[in-house]
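Good morning, colleagues. I should like to take a few minutes to go through one structure with you, beginning with its interior and ending at its surface.

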Amino acid sequence: MIKGGARRQVDVPAQAALLRHSRHGWVLFDTGYSPRMWAATERLPYRLYRRATPLRLPPNLALAEQLPQLGVAPEEVGHVILSHFHADHCGGLRDFPAARLVATREGWADVAGRREFAAVRRAFLPDLIPDDFAERATLVSGFRNAEVPRLGPAHDLFGDGSFLLVPLPGHARGQMGLFVPDTPDGPTLFVADAVFRAASIRELRPAHPLMDLIADDPRAARETLARLHAFHRARPDVRLVTGHEAPHEPVTPPWVETPASGIQARLRGLTPSGTGAAKRNLSRSRESAEADLNPGSRDFSPRRDATEGDKGS
Ligand SMILES: [Zn+2]
């Protein structure tokens, strides 16, 4: 909801972005929903999640179904970056068994031990989290090894400036976004749920006061919005991608009523270049950005020294 927006029910896609790093291969930013949501919300109290956000999950929109159509096997995804631990971002997590799982230490610490009501209150569904999460997790606990000018501190995931994780707190504990300075579609900032519509950033439109009820820290959310707005003013060339706006959807009302009155997992993002209009949004980091970096690290493990948070607990 956005202040002043009209109320009406709409489908809200839960989106993910697929990007390619020339050395580290496929990277996902969030995983959307998956049919696994049904089992994960079968019994109480987890069923309350379904009650609050009715699900509509065409199986063919699950990432695990869409990626092969793009020529990407789920096992080939080397990194999954989780913006935060809300179920509509974790839904497909178990479909990527070979991926390093990148999250904030703060976000993981907040949900790791939660079960039952304590979990549902956080929109967290423990069953969505792979059993070996801790072994595969790269937990970012500081954003001190890089900076995005005009936006602030960042964590340089691969040590080459191509994937910059940025803290965007407020909506969920430890939420982060991703700035990719170099894609075929231009520099792109994935803000996840820092706002529900990119127009909020451009127009510095605060969320509806009711959204404060679901925000982890409403004041931090407002500060994040102000920081994003200032960044947008300084860098209007940067494309803003939110977690729940359909791609290329006009940024005009109606506004979203809730973060889910019917949610689709929908692929958003980047794919090998030159493979057709359907893949136009997919992006590939430029070779030049990665040359000579991480010379010994051709597999899916991020460099230790580039990842302050090291492995999960
Ligand atoms: Zn969320």
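Which residues have the most contacts inside the largest nonpolar core? Please bear in mind that what we are viewing is a predicted model. The largest nonpolar core comprises 77 residues, and those with the most contacts inside it are Leu28, Val80, Leu165, Val166, Phe179 and Val191. Strand 1, residues 12–21, gives the most to this core, contributing 5 residues. As a general background, nonpolar side chains in soluble globular proteins tend to be buried together.

Let me turn to two of those residues, Leu28 and Val80. Leu28 stands opposite Val80, which lies in strand 3. If we set aside neighbours within four places in sequence, the contacts of Leu28 are Ala16, Leu18, Val77, Val80, Ile81 and Phe96. Val80, for its part, also stands opposite Leu101 in strand 4.

The strands themselves follow the same order of discussion. Strand 2, residues 25–29, runs parallel to strand 3, and 4 bridges join them. Strand 3 also runs parallel to strand 4, residues 100–104, with 3 bridges between them. Is strand 3 enclosed or open to the outside? Strand 3 spans residues 77–81, and 5 of its 5 residues are buried, so this strand is largely enclosed by the rest of the structure.

Finally, I come to a loop. Asn60 is located between helix 2 (47–52) and helix 3 (63–69). Asn60 counts as exposed because it has 10 C-beta neighbours inside 10 Å, and 12 or fewer is the cut-off for that class. Its C-alpha atom is separated by 9.3 Å from that of Ser34, although Asn60 and Ser34 are 26 residues apart along the chain.

Notes:
Residues are numbered from 1 along each chain as its sequence is written. This is a predicted model: local features need pLDDT of at least 70, side-chain atom pairs count only at pLDDT 80 or more; totals for chains, interfaces and linings use all residues. A residue is buried if 20 or more other C-beta atoms lie within 10 Å of its own, exposed if 12 or fewer, and partly exposed in between; C-beta atoms are placed from the backbone. Helices (H or I, at least four residues) and strands (E, at least two) are DSSP runs, numbered from the N terminus. Two strands pair if DSSP finds at least two bridges between them. A nonpolar core is a set of buried Ala, Val, Leu, Ile, Met, Phe, Trp, Tyr and Cys residues joined through C-beta atoms within 7 Å. Two residues are in contact if their C-beta atoms, placed from the backbone, lie within 7 Å.
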